[in-house]
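Dear colleague,

I am handing over a structure that you have not worked with before, and I would be glad if you could look through it alongside the notes that follow.

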Amino acid sequence: MVRTRAPSQQALAVLLVLADAGEEWRHGYDIATQADIKSGTLYPLLMRLEAQGQLEAVWQESPTPGRPPRHAYRLTKAGRAWLAGMGEALEQAVHGRKAPFFGICVGMQALL
């Protein structure tokens, strides 16, 4: 028997930020800022979501010489499908988060 857990509000926030970005790659700092999540929560969450196949990550070279490459993230097709099936959890997230997050959720619901 496969046990499925409801996603945390933080996981939904990250997925919604990435869904709002479409096919664009997003860096962790941008995701953290938009989702209002601290880095100590964000990066383990990103690694878990990548391991589950919900998002993909790549190393991108910095446009500034001498700066190290950075990870960038975006949703996979499986991640989009999974998020589309999260109707009730998404609705709860809309009611439990701050105003900027609410705007992302409303925009995402239009995409789904």
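In what order do the three strands of the open sheet lie, and is their pairing parallel or antiparallel? The order is 1-3-2, and the pairing is antiparallel. Strand 1 and strand 2 are the edge strands, each of them pairing on one side only. Please keep in mind throughout that this is a predicted model.

To place the sheet in the whole, the protein chain has six helices and three strands, and its elements, read from the N terminus, follow the pattern α-β-α-α-β-β-α-α-α. The chain has 112 residues, of which 37% count as buried. If one takes the contacts between residues at least 6 apart in sequence, 60% of them join residues that are at least 24 apart.

On confidence, the mean pLDDT of the protein chain is 81, and 72% of its residues reach 70 or more. Over residues 99-104, however, the pLDDT is below 50, although this stretch has nine contacts in the model beyond near neighbours in sequence.

Returning to the sheet, strand 2 and strand 3 run antiparallel and are joined by six bridges, while strand 1 and strand 3 also pair in the antiparallel sense, over two bridges. Tyr-73 of strand 3 appears in both pairings, since it is the bridge partner of Arg-26 and also the bridge partner of Ala-57.

Arg-26, which is found in strand 1 (residues 26-27), deserves a careful look. Which side chain of opposite charge is nearest to Arg-26, and how far away is it? It is Asp-30, at 4.3 Å, and Arg-26 has no salt bridge even though it is buried. The reason is one of distance, because a salt bridge requires the nitrogen and the carboxyl oxygen to be within 4 Å. The side chain of Arg-26 does, however, make a polar contact with the side chain of Gln-34, at 3.0 Å. Leaving aside residues up to four places away in sequence, the residues that Arg-26 touches include Val-17, Leu-18, Ala-21 and Ile-31, as well as His-71, Ala-72 and Tyr-73.

Where, then, are salt bridges found? The count comes to two, and Glu-23, Glu-56 and Arg-74 are linked by them in a network. In one of these, Glu-23 forms a salt bridge with Arg-74, with the closest N and O atoms 3.8 Å apart. Glu-23 lies in the loop between helix 1 and strand 1, whereas Arg-74 lies in strand 3 (residues 70-75), so this pair ties together parts that are 51 residues apart in sequence. Glu-23 counts as exposed because its relative accessibility is 56%.

Glu-56 likewise forms a salt bridge with Arg-74, and here the closest N and O atoms are 2.9 Å apart. Because Glu-56 belongs to strand 2 (residues 55-60) and Arg-74 to strand 3, this pair ties together parts that are 18 residues apart in sequence. With a relative accessibility of 29%, Glu-56 counts as partly exposed.

Two loop residues remain to be mentioned. Gly-22 lies in the loop between helix 1 (9-21) and strand 1, and it counts as partly exposed because its relative accessibility is 21%. Its C-alpha atom is separated by 9.7 Å from that of Arg-80, although the two residues are 58 residues apart along the chain.

The other is Asp-36, whose place is in the loop between helix 2 (28-35) and helix 3 (39-51). What is its phi, and is the sign positive or negative? Asp-36 has a positive phi of about 55°, although it is not a glycine. Most residues other than glycine have a negative phi, which is the background against which this value may be read. At 46% relative accessibility, Asp-36 counts as partly exposed.

With best wishes

Conventions. Residues numbered from 1 in each chain as written. Predicted model: local features only at pLDDT ≥ 70, side-chain atom pairs only at ≥ 80, totals over all residues. Heavy atoms only, no water. Helix = DSSP H or I, 4+ residues; strand = E, 2+ residues; numbered from the N terminus. Buried < 20%, exposed > 50% of the residue type's maximum accessible area, 1.4 Å probe, protein only. Lys, Arg positive; Asp, Glu negative; His and termini not counted. Polar contact = N/O pair within 3.5 Å; in protein donor to acceptor, adjacent residues only side chain to side chain. Contact = heavy atoms within 4.5 Å. pLDDT = per-residue confidence, 0-100. Pairing = 2+ DSSP bridges.
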